[in-house]
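Below are some notes on the model, set out as numbered points. They cover local geometry, burial and packing.

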Amino acid sequence: MAQLWGGRFKGATDDLVYAFNASIEFDKRLYRQDIAGSRAHVTMLGKQGILSTADVDSILKGLDGILSDIESGKLEITHEYEDVHSFVEAVLTERIGDAGKRLHTGRSRNDQVALDMKLYVRDQVDEMIPELKGLMKVILGIMEANVSTYMPGFTHLQKAQPVTLAHHMGAYFEMFKRDVGRLRDARVRLNECPLGSGALAGTTYPLDREYTAGLLGFDCPTANSMDSVSDRDYLIELLADLSLIMVHLSRLSEEIIIWNTNEYRFVEIDDAYSTGSSIMPQKKNPDIAELVRGKTGRVYGALMSMLTTMKGIPLAYNKDMQEDKEMTFDAIDNTKGCIQLFTGMIDTMTFNKDVMAKSATKGFTNATDAADYLVGKGVPFRDAHGIIGQLVLICIERGISMDDLPLEDYRKVCPAFDDDIYEAISLETCVKKRLTKGAPGHEAMLDEIKICEEYLG
């Protein structure tokens, strides 16, 4: 058992206690961040004259060698070490001797852990933003190609008004745009360096915290050493942001699942992103969309676990906080994986445009436009609303759409109708007339697409 403590203890740690306490199994993924933090720390110790130039050079060379050997597979992070921090320090000391024992001067595992997690989260955010933008680029491509692809818009899963596929997908572009903004905001708030805070009360060594913060790309050092080692707000904020990303992926997954049904047939999912049935040869299942929908609950669980863990912890560091890593790693891995798979799935998905347009002509999605037609003829809107309701009922009883209802039947209910009603309630007219900012009308949609293109650069 290789650990960074023990002088105060007479007896050995129970094996079960050691295993329960150890974090090496999951925090070993932090080795890059741990070595980067150690390099900055020892460089600062040399600058401040706390360590000799010879010791600094030896430690830096040793750390570089450990990083290289881990990356190449020559060096394995094994379970004989309690955590990644003890692994790096033990291997360093084994390779360079007593100089390795000086690495931890002026530092605690508490500020070391806090630093490693902040560096890791920052790296993950920097990777996730381009991945989200890649998904948004695919969505934008669908928008650009479908400005005139008509489909029903829904409320309460009932056909409501005609829109376009471009308009529908544009809603998701805006959702993911907000997600990118939230990740950027979270990155700004977490970008303060906890290194140099010690266990909770700083240190008597003359550390230059501004210097190490600069070396590691932070905006500044954290302001309070107790808060520095016990803050997990940035993880909660990240998990909330990931949960919202998953909300949006799950909502679109649900729609794709519905659109893929035999009843809708709006989309055809590529074979590469579908699976079959072991017993029903006709099946082609939207498994990726269903798994994304399912994994959303897993990410929510990480957020709730983290909130629950932190809700009653007194200052400063407590071992409960070690629980932050597994749930955060899992949420990050699942969210990134879902983004990547989802991007490929919708990029290869085929839209059955004729089926979508035909569906929009049914379900009376043009009823509101018919009412607006009467308003244009001088009929008060509330009266027009009732008149169109009567006409809809007639169409339902006959099993036809409003487009197929004879003019004489329109006139029987209200003499204000003329033969221009059919043009007024056509899909093309219904959509084109909607030109307010953010609406599905052709010109409004082109303006929205231009803004999206500029956002993606």
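1. Two strands are said to pair if DSSP finds at least two bridges between them. On that basis strand S1 (residues 150-155) pairs with strand S2 (residues 158-164) in the antiparallel sense, over six bridges. Please keep in mind throughout that this is a predicted model.

2. The register of this hairpin can be read from its bridge partners. Tyrosine 150 stands opposite threonine 164 in S2, and glycine 153 has glutamine 161 of S2 as its bridge partner. Two residues lie between the strands of the hairpin, in which histidine 156 takes a positive phi near 55°.

3. Other backbone outliers deserve a look. Most residues other than glycine have a negative phi, and most peptide bonds are trans. Arginine 265, which is not a glycine, has a positive phi of about 55°. Arginine 265 is found in the loop between helix H10 (233-259) and strand S5 (267-268), and is partly exposed at a relative accessible area of 47%.

4. Phenylalanine 364 is also not a glycine and has a positive phi, of about 60°. The loop that holds phenylalanine 364 runs between helix H13 (353-361) and helix H14 (367-376). Is phenylalanine 364 buried or exposed? Its relative accessible area is 18%, so phenylalanine 364 counts as buried, the cut-off being under 20%.

5. A cis peptide bond links leucine 315 to alanine 316, with omega near 5°. Alanine 316 sits in the loop between helix H11 (287-310) and H12.

6. Helix H12 itself covers residues 324-347, 24 in number. From first C-alpha to last, H12 reaches 35 Å, close to the 34 Å expected at 1.5 Å a residue. Of the 24 residues of H12, 17 are buried, so this helix is largely enclosed by the rest of the structure.

7. For H5, the 13 residues should span 18 Å at 1.5 Å a residue, and the end C-alpha atoms are 18 Å apart, which agrees. At the N-terminal end, aspartate 83 acts as a cap: a side-chain oxygen lies 3.1 Å from the backbone nitrogen of histidine 85. Just after H5, glycine 97 takes a positive phi of about 85°.

8. Which residues of H5 are buried? They are Val84, His85, Ser86, Phe87, Val88, Glu89, Val91, Leu92 and Thr93. The cover over these buried residues includes helix H2 (24-27), helix H3 (31-47), helix H4 (53-72) and H6.

9. The loop between helix H5 (84-96) and helix H6 (109-145) contains threonine 105. Threonine 105 is buried, with a relative accessible area of 17%. Leaving aside neighbours within four places in sequence, threonine 105 is in contact with His41, Leu45, Ile50, Leu51 and Tyr205.

10. Serine 108 is found in the loop between H5 and H6. Serine 108 is buried, with a relative accessible area of 14%. A polar atom of the serine 108 side chain lies 2.9 Å from the backbone nitrogen of asparagine 110. Not counting residues up to four places away in sequence, serine 108 touches Gly198 and Ala199.

11. The largest nonpolar core has 96 residues. Those with the most contacts inside this core are Phe87, Ile139, Met143, Leu242, Leu249, Phe342 and Ile346. Leucine 242 touches Met128, Val299, Ala331, Ile332 and Thr335, when residues up to four places away in sequence are not counted. Apart from the largest core lies another, of 21 residues, among them Ala371, Ile387, Cys395 and Leu405.

12. How many disulfides does the structure hold? It holds zero. For cysteine 395, the nearest cysteine sulfur is that of cysteine 430, 14 Å away; for cysteine 430, the nearest is that of cysteine 395, likewise at 14 Å. A disulfide needs the two sulfur atoms within 2.5 Å, so cysteine 395 is in no disulfide. Cysteine 395 counts as buried at 0% relative accessibility, and cysteine 430 counts as buried at 0% relative accessibility too.

Key
Residues are numbered from 1 along each chain as its sequence is written. This is a predicted model: local features need pLDDT of at least 70, side-chain atom pairs count only at pLDDT 80 or more; totals for chains, interfaces and linings use all residues. Side-chain values use heavy atoms; hydrogens and water are left out. Helices (H or I, at least four residues) and strands (E, at least two) are DSSP runs, numbered from the N terminus. The expected span of a helix is 1.5 Å times one less than its number of residues. Buried means under 20% relative accessible area, exposed over 50%, partly exposed in between (1.4 Å probe, protein chains only). Contact means heavy atoms within 4.5 Å. A polar contact is a pair of N or O atoms within 3.5 Å; within protein, one must be able to donate a hydrogen and the other to accept it, and residues adjacent in sequence count only if both atoms are side-chain atoms. A nonpolar core is a set of buried Ala, Val, Leu, Ile, Met, Phe, Trp, Tyr and Cys residues joined through side-chain atoms within 4.5 Å.
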